[in-house]
Amino acid sequence: MKKAAFWIAALAVLGGLQLFVRDIVGAYNYQILVLVGINIILAVSLNLINGYTGQFSIGHAGFYAVGAYTCAGVVVYGQEAIRGATGFLPELGQNTVLLLVGLLCAAIAAGLAGLAVGIPSLRLRGDYLAIVTLGFGEIIRVLILNVEAVGGARGFSGIPQLSNFFWVYLGVVVTVVTVHNLVQSSYGRAFISIRDDEIAAEAMGVDTTRFKVLSFVVSSIFAGIAGGLFAHFTMYLHPNTFLFTTSFYLIIMIVVGGLGSIEGAITGAILVTVLLEVFREFGAFRLVNFAILLVLIMIYRPTGLLGSWTLVRAGRRPGRAA
Amino acid sequence: MAILDVKGCTKTFGGLVAVKDLNISLRQGALYGLIGPNGAGKTTIFNLITGVYTPDEGTITLAGHEIQGRKASAIARLGISRTFQNIRLFGSMTVLENVKVSQHMRKSQGLMDAILRTSRLREEEERIERDAMELLKIFHLDERAHDQARTLPYGSQRRLEIARALATEPKVLLLDEPAAGMNPQEAVELMHLIKRSRDDFGVTVLLVEHNMKVVMGVCETIQVVDYGETIALGAPREIQEDPRVIEAYLGGA
Ligand SMILES: Nc1ncnc2c1ncn2[C@@H]1O[C@H](COP(=O)(O)OP(=O)(O)O)[C@@H](O)[C@H]1O
Ligand SMILES: [Mg+2]
C-alpha cells in the first residue's frame with residue numbers, strides 16, 4: 001500500500017525531527033517554525049473558499065478562535081475525566097488522547113459555526129459572505145471577552161502544552177493532502193466552476209449553494225484544528241490574537257502566494273509569517289507594510305507568486321444569463 | 001406526448017413584457033428552431049426553461065413533470081442543458097475539465113472517497129476522463145484538451161459549450177446562437193454537430209439562431225417570436241414565405 005507507506009514515513013520523519021529540531025534551530029526559531037505551520041494550515045484552508053471557490057471570506061480568524069477556545073476549554077475542563085478514563089496509558093498516550101479529543105471538538109465546533117454562517121450568507125449571490133464573516137469574527141471575539149470560564153478579557157491561561165512541531169506539521173500534512181485530493185476530484189471541479197462562472201455552473205447541474213457551503217465548512221474545520229494546535233502550543237489564549245488583522249494577514253498570505261494554488265498558500269504563509277517577525281519592531285506599521293506589499297503584488301504579479309487565478313482579472317461575472 | 005412543454009408563459013421585467021403568453025411544444029427527438037428579431041425574448045425563454053428566471057405565469061413541463069420555479073441546477077439534473085449567447089465557459093479550467101464538470105452530476109463521488117482518494121474514486125476519474133476525451137474528439141477539440149478554455153478561438157469556444165452541455169447527458173439541449181461569430185466553414189461543421197447531437201446522443205434540440213442557413217438547414221420545425229409572442233410556426237419553407245415573418249424581420253429591424 002503506497003498510502004500506508006506515505007503516512008508511516010510522514011510520522012517517522014516528523015517524529016524524528018521532533019527529537020532534534022528545537023536544539024538545532026534554537027528556541028526562538030522553533031517558535032516561528034511552529035507558527036509557520038499553523039499559518040500554513042490556516043492559509044491552505046482559507047484558500048479553499050477564497051481561492052478555489054471564489055467566495056470572499058474575511059473572517060477566518062473567527063473560526064480559528066472557535067477552534068482554539070473549544071479545544072482549550074474541552075482539555076482544561078475535561079482533562080481530569082479523560083486522564084481518569086485513560087489511566088492505563090503512559091503519560092504520552094494520555095496527552096495524545098487529550099489533544100485528539102480536543103482537536104475533534106474544535107473541528108466539530110468550527111465546522112458547525114461554518115455551517116451556521118455559510119448557509120444564510122452563501123445562498124445569496126454577491127458579497128454577503130464578506131460582510132457576515134467579518135461580523136462573525138467580531139461577535140466571537142466579543143463573546144469570548146465576556147465568558148469568564150475561558151478567562152474573558154484577562155485571557156485563558158493554564159492550558160497544558162500538548163502540541164508541538166510534530167503535531168502541527170502532521171496537521172499541515174493532513175490539511176494539504178485533504179485539500180489537494182478534494183480539489184483534484186469532482187468536488188474541486190465544482191468549486192472552480194463556481195468561481196469561474198456561477199450561472200454556467202448552475203446550468204451544468206452544479207448545486208452552487210451546496211458546494212459553496214461545503215467548501216466553507218471544510219475550510220472552517222481546518223481553521224478550528226489550527227486553533228486547537230495553537231492553543232496547546234502557546235498555552236495561553238487572548239481574544240486579541242483573533243482580531244480582524246489576523247484574518248487580514250491570512251488573506252495577504254493567499255493573495256501573495258497565489259489564489260487557487262496550494263503551493264502558493266504555503267509560500268505565502270511562510271513569507272508573511274517570517275516578515276511579520278522581521279517587522280515586529282514596527283508595531284502597528286506592519287499593517288502598512290503589508291498593504292503596500294499587497295498593492296505591489298496586485299500591480300506586478302496579479303496572479304500572486306504561484307497562482308493562476310486573480311481576483312482582478314477573473315472577477316465574478318454576475319449580470320444577465322445571456 | 002411532448003418532451004418539453006411551455007404553456008402560457010409570461011415574463012415581465014418592470015414594465016417590459018419580454019415573453020407573453022407563450023407556448024412551445026417539443027416532441028421527443030425534434031430539431032426545433034426559435035427565431036425572431038433581437039430583443040424578441042428568445043434568450044429570456046431559455047432562461048425561463050432552464051430556471052434562471054421563474055415565469056410570472058404559465059407552466060413548463062419536462063417529460064410530464066412541472067419544472068418552473070425549481071433551481072437551475074435541479075432542472076439541469078432533470079435533463080435540460082444549454083449554451084449561452086455570450087459564451088460562459090469556465091475560463092481558468094482546461095478544455096477537458098470544462099467537460100468533466102458536467103459529468104459530475106451523473107455520478108456524484110462520495111466526499112470521503114474524494115478526500116481519501118480511494119481506488120474507487122480513481123477508477124471513476126479514469127472513466128470520466130475517457131468519456132470526456134471521446135466527446136472532445138467528436139467536437140474536434142481533443143488536441144486542445146489540456147489548454148485553458150479561455151485561450152481557444154471563438155468558434156472552438158462555441159463548440160466546447162455544446163460539448164460541455166452534452167456531457168450532462170440532457171434530454172433537451174438549448175442552443176443560444178451557436179453560430180454567432182463563426183465563419184461559414186465553421187457554421188457548416190456546426191450544422192453537422194447539431195444533427196449528430198440528435199442522431200447519436202438522442203437529444204431534442206431547441207435552436208435559437210440568426211444565421212438562416214443554419215436554421216433552415218438544421219430545423220424541421222420553426223417558431224417565430226416577436227415582442228415575446230409567437231407570430232408564426234411551421235416548416236422552414238412555410239416560414240420563409242410567411243408575410244408576418246418577413247414584416248417582423250424587414251419592417252421591425
Ligand atoms: N434581466 C433582465 N432585466 C431587464 N430586462 C431584460 C432582462 N433580460 C432581458 N430583458 C429584456 O427583455 C427583452 C428580451 O430580451 P432577450 O430575451 O435577450 O431577447 P433575444 O434573445 O430574443 O434577443 C429585451 O428587451 C431585453 O432588454
Ligand atoms: Mg438572445
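## Exercises on helix packing and a magnesium site

In this predicted model, G62(A), F63(A), A65(A), V66(A) and Y69(A) of helix 3 of chain A meet F136(A), G137(A), I140(A) and I144(A) of helix 5 of chain A.

**Exercise 1.** Classify the contact of helix 3 of chain A with helix 5 of chain A by residue class, and state how the two helices are oriented.

Solution. By class, this contact has seven nonpolar, two polar and no charged residues. The axes of helix 3 (residues 60–85) and helix 5 (residues 128–145) of chain A are 8 Å apart, at an angle of about 30 degrees. Angles under 35 degrees count as roughly parallel, so helix 3 of chain A is roughly parallel to helix 5 of chain A.

**Exercise 2.** Describe how helix 10 and helix 11 of chain A cross.

Solution. The axes of helix 10 (residues 244–257) and helix 11 (residues 262–278) of chain A come within 7 Å and cross at roughly 125 degrees. The two helices are therefore oblique to each other. Helix 10 of chain A passes helix 11 of chain A in a right-handed crossing. Among the contact residues are Y249(A) and I252(A) of helix 10 and G264(A) and A265(A) of helix 11. The contact has 10 nonpolar, four polar and no charged residues.

**Exercise 3.** Find the protein donors of the magnesium ion (ligand 2), and give the burial of each residue.

Solution. The donors are T43(B), through OG1, and Q85(B), through OE1, lying 2.0 to 2.1 Å from the ion. T43(B) is in helix 1 (residues 42–49) of chain B, and Q85(B), 42 residues apart from it, is in the loop between strand 6 and helix 3 of chain B. T43(B) has a relative accessible area of 17% and is buried. Q85(B), at 23%, is partly exposed.

Key. Residues numbered from 1 in each chain as written. Chains lettered and ligands numbered in written order. Predicted model: local features only at pLDDT ≥ 70, side-chain atom pairs only at ≥ 80, totals over all residues. Heavy atoms only, no water. Axes fitted to C-alpha atoms, helices over the stretch in contact; angles between N-to-C directions. Helix = DSSP H or I, 4+ residues; strand = E, 2+ residues; numbered from the N terminus. Parallel < 35°, antiparallel > 145°, perpendicular 65-115°, else oblique. Left-handed = near helix turned anticlockwise from the far one by under 90°. Contact = heavy atoms within 4.5 Å. Nonpolar A, V, L, I, M, F, W, Y, C, P; charged D, E, K, R; others polar. Donors = N, O, S within 2.8 Å, 3.2 Å for Na, K, Ca; no water. Buried < 20%, exposed > 50% of the residue type's maximum accessible area, 1.4 Å probe, protein only.
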